[in-house]
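Could you walk me through this structure, stop by stop? I have it open in a viewer and would like to know what to select next and what is there.

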Amino acid sequence: MCSSDLLGAGFHKAVAALAQQRGIPVFADLLSGTRFDPAVCENILAYPDQVARTAPIPDWILRFAGTPVSRAIADWLSRSREVPQIVVSATERIADPTGTGSHVLTADAAGLCEALANDASCSEPWLAQFLVRDEAASAAAERVCRNDDVFEGSVMRSLATAMPQGTTLFIGNSLALRSADWFIGRSRKGLRILGNRGVSGIDGNISTASGIAASL
């Protein structure tokens with residue numbers, strides 16, 4: 001699990017290597033950037049929200065950074081309360097509003113992934129259960145966006161396809177952010193997708209977007 005853009009240098013590459021080495025799926029939040037890093041692999045799910053809706057309960061969950069955008073993932077975490085959920089943070093401050101974390105580990109995210117990847121190699125047979133669901137979600141998104149009907153999801157999908165390598169995109173809160181999460185999928189284009197989080201996530205969109213533009 002990973003969320004937010006505060007995971008430290010090298011995290012995306014390290015978590016992709018961990019996923020491949022140990023045969024585990026990664027539910028990468030849209031705002032983490034992990035789904036758009038050049039190091040992305042199929043174990044980093046393209047459609048984690050859809051997968052989470054019917055995903056089986058794992059033996060353990062490793063969580064990085066903040067609360068995910070996806071309500072379906074949050075519900076899956078709640079359904080998985082009986083298994084260890086290790087919340088990793090570089091500081092003693094963590095984001096766990098639903099209280100599903102069973103353990104808290106203060107550590108560098110990238111360094112921890114590298115250590116776990118080098119610990120041992122294994123291939124969990126249940127990985128296929130997640131990948132099959134991800135492939136089905138990909139096919140469904142492609143099918144829905146294939147016709148000429150214009151809606152939030154097709155706009156987000158077309159925008160992600162058209163944006164040049166390394167583009168920064170600020171997305172408004174609520175449905176716009178969720179439409180991007182549901183339909184963009186993943187790519188190796190190094191997209192930097194940003195959005196506001198908060199009590200409502202509404203206030204400050206213009207000032208945030210202006211600040212991002214000024215920093216580019």
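## Start at helix 3

Select Ser70 and Ala72 to begin: at the start of helix 3, a side-chain oxygen of Ser70 comes to within 3.2 Å of the backbone nitrogen of Ala72. Keep in mind as you go that this is a predicted model.

Now widen the selection to the helix itself, residues 71–79. Which of its residues are buried? Colour Ala72, Ile73, Ala74, Trp76 and Leu77, and you have the buried residues of helix 3. Their packing partners are helix 2, strand 2, strand 3 and helix 5, so show those next if you want to see what lies against them.

## Along the strands

Go to strand 2, residues 61–65. Four of its five residues are buried, so strand 2 is largely enclosed by the rest of the structure.

Next, add strand 3, residues 85–89. Strand 3 is mostly covered too, with four of its five residues buried. Strands 2 and 3 pair in the parallel sense, and four bridges link them. To see the pairing up close, pick two couples: Arg63 stands opposite Val87 in strand 3, and Phe64 stands opposite Val88.

Trace the chain between these two strands. From strand 2 the chain passes through helix 3 and on to strand 3, making a right-handed β-α-β crossover.

Where to after strand 3? Bring up strand 4, residues 103–106. Strand 3 and strand 4 run parallel and are joined by four bridges. One couple to click on here is Ser89 and Thr106, which stand opposite each other.

## A stop in the loop

Between strand 3 and strand 4 there is a loop, and that is where you will find Thr100. Is Thr100 buried or exposed? Thr100 has a relative accessible area of 4%, and because anything under 20% counts as buried, Thr100 is buried.

Show the side chains of Thr100 and Gln85, and look for the polar contact of 3.5 Å that joins them. Then display everything else Thr100 touches: leaving out residues up to four places away in sequence, the list is Arg63, Leu77, Ser78, Arg81 and Gln85. You have already met two of these names, since Arg63 faces Val87 across the strands and Leu77 is one of the buried residues of helix 3.

## Between helix 1 and helix 2

Move to the loop between helix 1 (11–22) and helix 2, and select Leu45. Leu45 is buried, with a relative accessible area of 0%. What is Leu45 in contact with, leaving aside neighbours within four places in sequence? Show Pro25, Val26, Phe27, Arg35, Val51, Phe130, Leu131, Asp134 and Arg186 around Leu45. For a distance to try in the viewer, go from Leu45 to Thr34: they are 11 residues apart in sequence and 9.8 Å apart in space, C-alpha to C-alpha.

Stay in the loop between helix 1 and helix 2 and pick Asp29. Asp29 counts as buried, at 4% relative accessibility. A polar atom of the Asp29 side chain lies 2.9 Å from the backbone nitrogen of Leu31.

## Helix 7

Jump to residues 175–183, which make up helix 7. Colour Leu177, Ser179, Ala180, Asp181 and Phe183 to pick out its buried residues. Now switch on helix 2 (48–52), helix 5 (127–144) and helix 6 (152–162), which are among the things that cover them. Just after helix 7, click on Gly185, where phi is positive, at about 80 degrees.

## Two cysteines and a confidence check

How many disulfides does a search of the whole structure find? Zero. You can still visit Cys113, buried at 0% relative accessibility, and Cys145, buried at 16%.

Finally, colour the model by pLDDT. The protein chain averages 87, and 92% of the residues score at least 70. Among its elements, helix 2 has the highest mean pLDDT, at 96, while strand 1 (residues 2–3) has the lowest, at 54. Where pLDDT is low, don't read the predicted coordinates in detail.

Terms used
Residues numbered from 1 in each chain as written. Heavy atoms only, no water. Buried < 20%, exposed > 50% of the residue type's maximum accessible area, 1.4 Å probe, protein only. Pairing = 2+ DSSP bridges. Right-handed = clockwise from strand over helix to strand, strands pointing away. Contact = heavy atoms within 4.5 Å. Polar contact = N/O pair within 3.5 Å; in protein donor to acceptor, adjacent residues only side chain to side chain. Disulfide = S-S within 2.5 Å. pLDDT = per-residue confidence, 0-100.
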